[in-house]
Amino acid sequence: MATLRIPRKYHSLYILFQLCLLIQSQVLCYQYKVGDLNAWNIPSSANKDVYVKWSKNHPFKLGDSLLFLYPPSADSVIQVTKQNYNSCNLKNPILYMNNGNSLFNITRPGEFYFTSGTEGHCEKSQKLHISIPGGNGTTYDEADSPAFAPSPSYTNVFGSIPVQSSNSTSSSSGKVEMSVFGAVGLLFLSMFLGSNIL
């Protein structure tokens, strides 16, 4: 079996490289329980804009996911257009989720609009709007960018791997981070090209 012998003077560099690999392998995506509440439901009269406040206080990014929890016999979640969100029109949703444990994966930058699929709930402020910035920090409104297709989403809580959008023009910070670690790895390996491999 071949082993790589690392000269003693490079041990600290080797440990630093291993640490960089460990940091790189950490998951940098989060799963947010919508509203930080026990359930996706009609807000109380004392906290009518809970979903507006909640979305403004969370830095959503590509790869994150939203978890909607609700009794499936009493509610559902639909993704709608901006126009249908503003008018509480439940017809022709982009996505319909009704299993009570619905996970929406954020796979592209843009604006996303959700409401309850139950009649009358949207009018009582059970709706959510989130903005996902692109690589340069800007967000895209669906009216400004018709080339974006609806984001694929999966309704399991185990968190399917987000599908990378093929028409994304900006790189995410994760790609940049991986490039930096890749460069460090190449530098480290290039120092040992002349070393003995037994």
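Q: Over the ring of which residue does the charged end of Lys127 sit?
A: Happy to start here, keeping in mind that this is a predicted model. A charge counts as sitting over a ring if, among other conditions, NZ of Lys is within 6 Å of the ring centre. The charged end of Lys127 is 4.6 Å from the centre of its partner ring, which belongs to Tyr85.

Q: What kind of aromatic pair do Phe68 and Phe114 form?
A: Phe68 lies in strand β2 and Phe114 in strand β6, 46 residues apart. Planes under 30 degrees apart count as stacked and those over 60 as edge-to-face, with the rest called tilted. Here the centres are 5.3 Å apart and the planes make an angle of 55°, so the pair is tilted.

Q: Is Phe68 buried or exposed?
A: Buried means under 20% relative accessible area. Phe68 has a relative accessible area of 0%, so this residue is buried.

Q: Which strand of the open sheet is joined to β2 by 5 bridges?
A: Let's look at the sheet, whose 3 strands have the order β1-β2-β5. Its edge strands are β1 and β5. The 5 bridges from β2 lead to a strand that runs antiparallel to β2, and that strand is β5.

Q: Which residues is Ala74 in contact with, leaving aside its neighbours within four places in sequence?
A: Ala74 is found in the loop between β2 and β3. Its C-alpha atom is separated by 8.0 Å from that of Thr118, 44 residues apart along the chain. With those neighbours left aside, the contacts of Ala74 are Thr118 and His121.

Terms used: Residues are numbered from 1 along each chain as its sequence is written. This is a predicted model: local features need pLDDT of at least 70, side-chain atom pairs count only at pLDDT 80 or more; totals for chains, interfaces and linings use all residues. Side-chain values use heavy atoms; hydrogens and water are left out. Two strands pair if DSSP finds at least two bridges between them. Helices (H or I, at least four residues) and strands (E, at least two) are DSSP runs, numbered from the N terminus. Contact means heavy atoms within 4.5 Å. Rings of Phe, Tyr and Trp (its six-membered ring) pair if their centres lie within 6.5 Å; planes under 30 degrees apart count as stacked, over 60 as edge-to-face and the rest as tilted. Buried means under 20% relative accessible area, exposed over 50%, partly exposed in between (1.4 Å probe, protein chains only). A charge sits over a ring if NZ of Lys or CZ of Arg is within 6 Å of the ring centre and within 35 degrees of the ring normal.
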